[in-house]
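Trainee: Before I use any descriptive terms for this model, I would like to know what each of them rests on. Could we go through them in turn?

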2 protein chains.
Amino acid sequence: MMIASSIDELQVARRLLDGTVGLVPTMGYLHEGHLSLIRLAKSECDRVAISIFVNPTQFGANEDLSKYPRDLERDLKLIDPLGVDLVWNPTPEVMYPPGYQTWVEVESLTRPLEGSMRPGHFKGVTTVVAKLFNAVQPHRAYFGQKDAQQAAVIRQMVRDLNFPIELVVCPTLREADGLAMSSRNKYLEGADRQSATVLFRALSAAKSAYENGERDAEKLRALMKEVLASEPKANPQYVSCADYDTLEELDTVKGKSLLSMAVLIGKTRLIDNFVLG
Amino acid sequence: MMIASSIDELQVARRLLDGTVGLVPTMGYLHEGHLSLIRLAKSECDRVAISIFVNPTQFGANEDLSKYPRDLERDLKLIDPLGVDLVWNPTPEVMYPPGYQTWVEVESLTRPLEGSMRPGHFKGVTTVVAKLFNAVQPHRAYFGQKDAQQAAVIRQMVRDLNFPIELVVCPTLREADGLAMSSRNKYLEGADRQSATVLFRALSAAKSAYENGERDAEKLRALMKEVLASEPKANPQYVSCADYDTLEELDTVKGKSLLSMAVLIGKTRLIDNFVLG
């Protein structure tokens, strides 16, 4: 396993990877969700590269950049059995050197949902992912469905900017009680951990209603809000039933749709989603 | 010579190009300046691709998009003897399909000079060049020094977004009387053609003063304005003596600097520049 930090180190290491290359971009503090992406990449590509970079430009001024969990040694131990060929672990100075001034932005898809709550977040995401794509030159790139809007935004960027890269979006991995795996679950202390299952319970309730024939999107949103309201520690930021491709809120569910939400559990902000249809 | 229009055609053709690939992006209506870029690319790379695309997103609402000269048959005849391997000639619909919404922007370098006169111009340039780079995957890309700020902006984008591409910027080619070659010279009718040499004369006067020891940037700007004022048909938009890398206006010339100007000759807008130091 090669470990690169600078761009030069990365490029030397990249040249040693023959055949098809799969990239799994991460912010580190890996969990089973990341490992499932790496295993899929390994099964589909000759070589697998992963990036570990807590990207400062996708965090807002009042967000958790400084306390975002980091543990490279732990991450390397976790991926050791998986046959990863290259780990790129750049510093912020490597990614954003003095004088840095170029940004990649996707417009309408970044406005609702996470975009409405986290101004500038997706500008940071698309910029760093474009940089990762250019530097690593993968044939395929793997993202989790847990960040549904991120996957949609990157899919749009790949299409619009003609990246010759196949995007693979993998199902959300969950704990036994339904909580979606996330590095931020580490923040959940004491009773918050149990309360956090309310996202899964709310999404499940709406999905059951959908499976029983409910197609009124407002009723599905109301149902999710009702379940969330039953949990005193839960403070919903948004609750959405939107078109899967455009992310526009629906009146009536038809075709592929996305149930999604962002909820504060105590001080911890969690997101989750289910795909319908 | 392969000719591609759609992205699929391009990608099939690109796979047939072995070895190093040089890309010469153009808006067509080729002149000797373009041909010199193609010849240099041919001498430095195993294969040469050129793109011919009048990019609508780099034209302002009141600019010359609809009357910009186009003649594909003439262009193909001109490059026929040069051994170009691939011509990509996409339509606006191929480059900007319905739902298109992704943009690449360079910040401070795009603000002065052309950026101040042509809002949005460089956003269109960097976006289309990023698309060309991703779609063609060249090892080297060739641009003319005539568009000095464009070359600086693209150099910054390549560095910031980690494109694994070497940028080659080639000297401006000129007519016998000094007029910089440009597709827009076609607009110069009658006496305008002679008046247009005033850009070269103004730049030459400032360069002579510099070579005789003048380092006061304001005096060099004044000298260029004086020469331009001697030509009744010339209406200067800006006259600049700036740092070569940052494009910030100088007080005192030291190190590599850029003399540049945009001037209306009748209704035709021309730009030109000299590099000092």
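Mentor: What follows takes some terms in turn and sets each against its criterion, bearing in mind that this is a predicted model.

Trainee: Why is A:Glu9 called partly exposed?

Mentor: A residue is buried with 20 or more other C-beta atoms within 10 Å of its own and exposed with 12 or fewer. A:Glu9, which is found in helix α1 (residues 7-15) of chain A, has 17 C-beta neighbours inside 10 Å and therefore counts as partly exposed. In chain A as a whole, buried residues make up 41% of the 277 residues.

Trainee: What makes chain A as compact as a globular protein of that length?

Mentor: The radius of gyration of chain A is 19 Å, and the globule rule gives 19 Å for 277 residues, so the chain is as compact as a globular protein of that length. Its secondary structure comes to 10 helices and 10 strands, and its C-alpha atoms fill a box of roughly 55 × 40 × 40 Å along the principal axes.

Trainee: How do you know that the two copies are related as by a two-fold rotation axis?

Mentor: A turn of 180° with a shift of 0.0 Å along the axis lays chain B on chain A with an RMSD of 0.0 Å, and the copies are thus related as by a two-fold rotation axis. In chain B, the C-alpha of B:Val104 is the one nearest the axis, 2.3 Å from it.

Trainee: Why do we say that the copies meet through the same surface?

Mentor: Because 100% of the interface residues of chain B are also interface residues in chain A, the copies meet through the same surface. There, 24 residues of chain B are in contact with 24 residues of chain A. On the side of chain B that touches chain A, the largest share, 5 residues, comes from β5(B), and the residues of that side divide into 12 nonpolar, 8 polar and 4 charged.

Trainee: What makes β5 of chain A and β5(B) a strand pair?

Mentor: Pairing needs at least two bridges, and 5 bridges join strand β5 (residues 102-106) of chain A to β5(B), so the two strands, which run antiparallel, count as a pair. A:Val104 has B:Val104 as its bridge partner in β5(B).

Trainee: Which residues touch the most other members of the largest nonpolar core?

Mentor: Of its 148 residues, those touching the most other members include A:Ile50, A:Leu220, B:Ile50 and B:Met224. Leaving aside residues up to four places away in sequence, B:Met224 touches several residues, among them B:Ala202, B:Val239 and B:Met261.

Terms used
Residues are numbered from 1 along each chain as its sequence is written. Chains are lettered from A and ligands numbered from 1 in the order in which they are written. This is a predicted model: local features need pLDDT of at least 70, side-chain atom pairs count only at pLDDT 80 or more; totals for chains, interfaces and linings use all residues. A nonpolar core is a set of buried Ala, Val, Leu, Ile, Met, Phe, Trp, Tyr and Cys residues joined through C-beta atoms within 7 Å. Two residues are in contact if their C-beta atoms, placed from the backbone, lie within 7 Å. Helices (H or I, at least four residues) and strands (E, at least two) are DSSP runs, numbered from the N terminus. Ala, Val, Leu, Ile, Met, Phe, Trp, Tyr, Cys and Pro count as nonpolar, Asp, Glu, Lys and Arg as charged, and the others, Gly among them, as polar. Copies are superposed by least squares on the C-alpha atoms of residues with pLDDT of at least 70 in both. The radius of gyration is taken over C-alpha atoms; the globule rule is 2.2 Å times the number of residues to the power 0.38.
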